[in-house]
Amino acid sequence: MALLLRTVARQGLCSSRLQFGVLYRHAVPMGTTAKEEMNKFWTKNTRLNRPVSPHVSIYKWSVPMMMSISHRGTGVALSSGISAFALAALVLPESYPYYLDLIHSMSFGPQFLAFSKFALAFPVAYHTFNGIRHLIWDLGKGFRIPEVYRSGYIVIALTVVTSIGLAAM
Amino acid sequence: MAALVRISSVCHRGVSPLLFRSSSLIRPLAVQKKDRDCPYSISAKIHATPSNYAGSGSKAASLHWTGERILSIVLLGLAPVAYYYPGPAVDYTLAAALTLHGHWGLGQVLTDYVHGDFKIKMANAGLFLLSTVTFAGLCYFNYHDVGICKAVALLWSK
């Protein structure tokens with residue numbers, strides 16, 4: 001991000017007269033890594049007790065923004081679920097079929113079972129399809145704004161259809 | 001990483017040479033000379049690590065990024081395999097791939113939101129512990145219980 005700002009600012013500074021070749025003839029690779037620069041930024045600003053400018057609290061939410069944080073949210077949720085499952089496997093005394101039968105003996109309605117299947121399938125499907133969208137971005141494709149929105153809507157549609165399909169199985 | 005690649009689409013003013021021209025960027029001696037000659041020069045300090053740059057940088061971060069993407073693709077391929085060929089081989093592979101994918105994913109979340117040397121160390125230690133317990137639990141489940149594939153099948157059968 002800082003790199004983008006610096007290069008854009010530089011373009012603005014020396015726009016018309018200079019050939020752009022001059023711009024990078026004086027480029028010097030920095031002695032610090034991006035990670036070190038980030039750490040320097042944070043230590044300096046926390047030391048000076050500077051407040052962070054409002055960003056997510058004031059910026060108008062867009063579909064790509066919501067999908068991005070949902071990708072992270074579903075990822076964290078699924079990971080936590082898997083960890084909880086693994087922990088339960090280590091701690092609980094009985095076997096999996098025992099607990100499964102226990103839940104079924106509690107005689108929830110079929111709608112509850114279908115709903116819980118949907119609730120499990122939905123984050124998996126969303127994270128998977130949006131993950132594919134991310135991998136396509138990593139190939140360098142689909143960054144134009146209309147493409148971002150289109151791929152986003154396709155991911156949402158596929159998620160809903162897949163979750164309903166899986167819940168019905 | 002993807003953001004760096006896409007800079008050229010945002011600034012259509014020849015920023016790509018800035019990023020991809022390797023040899024012309026590594027000329028500290030030439031830069032000093034130029035500074036005296038050209039009064040309008042600005043030293044553009046950028047993070048440029050082309051693949052032939054034999055400087056202090058290591059490829060660890062870049063390799064980690066690539067490993068993350070490869071693992072994601074492996075996990076994607078595992079899903080149909082798990083459906084059509086359930087069994088212990090897929091169970092343990094799934095346990096490993098899921099745990100590692102989650103570990104690396106949560107690692108990125110921590111990198112984004114946790115700042116300060118000590119906090120970063122503690123958070124990463126906690127994450128490592130969590131991932132270890134997760135993998136141990138999944139392997140335990142695969143060995144002593146029905147296994148991941150069968151568990152999903154049983155859950156869905158009712």
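**Surface, folds and cores of a predicted two-chain complex**

The accessible surface of chain A amounts to about 11100 Å², and carbon and sulfur atoms account for 71% of it. The structure described here is a predicted model, for which the predictor reports an ipTM of 0.79 and a pTM of 0.74 for the complex. For chain B, the accessible surface comes to about 10000 Å², with 66% belonging to carbon and sulfur atoms. Buried residues make up 25% of the 169 residues of chain A, while in chain B 31% of the 158 residues count as buried.

In secondary structure, chain A contains seven helices and one strand, and its elements, read from the N terminus, follow the order α-α-β-α-α-α-α-α. Chain B likewise has seven helices and one strand, but here the elements are arranged as α-α-α-β-α-α-α-α from the N terminus on. Among the contacts in chain A with a separation of 6 or more, 72% join residues 24 or more positions apart; the corresponding share in chain B is 58%.

Confidence was then considered for chain B, whose mean pLDDT is 79, with 65% of the residues scoring at least 70. Within this chain, helix 5 has the highest confidence, at 97, and helix 2 (residues 15-20) the lowest, at a mean of 47. Over residues 3-12 of chain B the pLDDT lies below 50, although the model gives this stretch eleven contacts beyond near neighbours in sequence. A further stretch, residues 14-32 of chain B, also stays under 50, and for this stretch the model has 33 contacts beyond four places in sequence. Where pLDDT is low, predicted coordinates should not be read in detail, and the contacts of these two stretches are accordingly reported here without further description.

Two helices of chain A illustrate the local geometry. Helix 3 of chain A (residues 34-47) has 14 residues, which at 1.5 Å a residue should span 20 Å, and because its end C-alpha atoms are indeed 20 Å apart, the expected and modelled spans agree. Just after this helix, Asn49(A) adopts a positive phi of about 55°. Further along the chain, helix 6 of chain A (residues 110-138) contains Phe118(A), which counts as partly exposed, with a relative accessibility of 26%. The C-alpha atoms of Phe118(A) and Leu166(A) lie 7.1 Å apart in space, although the two residues are separated by 48 residues in sequence. Leaving aside residues up to four places away in sequence, Phe118(A) touches Ser163(A), Ile164(A) and Ala167(A).

In chain B, an unreviewed UniProt entry annotates residues 69-86 and 122-143 as "transmembrane region". In the model, residues 69-86 of chain B are 89% helix and 0% strand, with end C-alpha atoms 24 Å apart. Residues 122-143 of chain B are 100% helix and 0% strand, and the end C-alpha atoms of this span lie 32 Å apart.

The largest nonpolar core comprises twelve residues, among them Ala86(A), Leu71(B), Leu94(B), Leu138(B) and Ile148(B). Helix 4 (60-84), helix 5 and helix 7 (148-157) of chain B are the elements that contribute two or more residues to this core. A second core, separate from the largest one, has six residues, including Tyr96(A), Leu100(A), Phe141(B) and Leu154(B). Ile148(B), one of the residues of the largest core, touches Asp91(B), Leu94(B), Ala95(B), Leu138(B), Phe141(B) and Asn142(B) when residues up to four places away in sequence are not counted.

Finally, the unreviewed UniProt entry lists Tyr113(B) under "binding site". Tyr113(B) belongs to helix 5 of chain B, which covers residues 88-113. With a relative accessible area of 53%, Tyr113(B) counts as exposed, because this value is over the 50% cut-off. Residues up to four places away in sequence being left out, Tyr113(B) is in contact with Ile69(A) and Arg72(A).

Conventions. Residues are numbered from 1 along each chain as its sequence is written. Chains are lettered from A and ligands numbered from 1 in the order in which they are written. This is a predicted model: local features need pLDDT of at least 70, side-chain atom pairs count only at pLDDT 80 or more; totals for chains, interfaces and linings use all residues. Side-chain values use heavy atoms; hydrogens and water are left out. UniProt positions are given in the numbering used here, feature names are shortened, and annotations may be inferred rather than shown by experiment. Helices (H or I, at least four residues) and strands (E, at least two) are DSSP runs, numbered from the N terminus. Buried means under 20% relative accessible area, exposed over 50%, partly exposed in between (1.4 Å probe, protein chains only). Contact means heavy atoms within 4.5 Å. Accessible areas come from the Shrake-Rupley method with a 1.4 Å probe; for residues, only the protein chains shown count as cover. The expected span of a helix is 1.5 Å times one less than its number of residues. pLDDT is the predictor's confidence in each residue, from 0 to 100. A nonpolar core is a set of buried Ala, Val, Leu, Ile, Met, Phe, Trp, Tyr and Cys residues joined through side-chain atoms within 4.5 Å.
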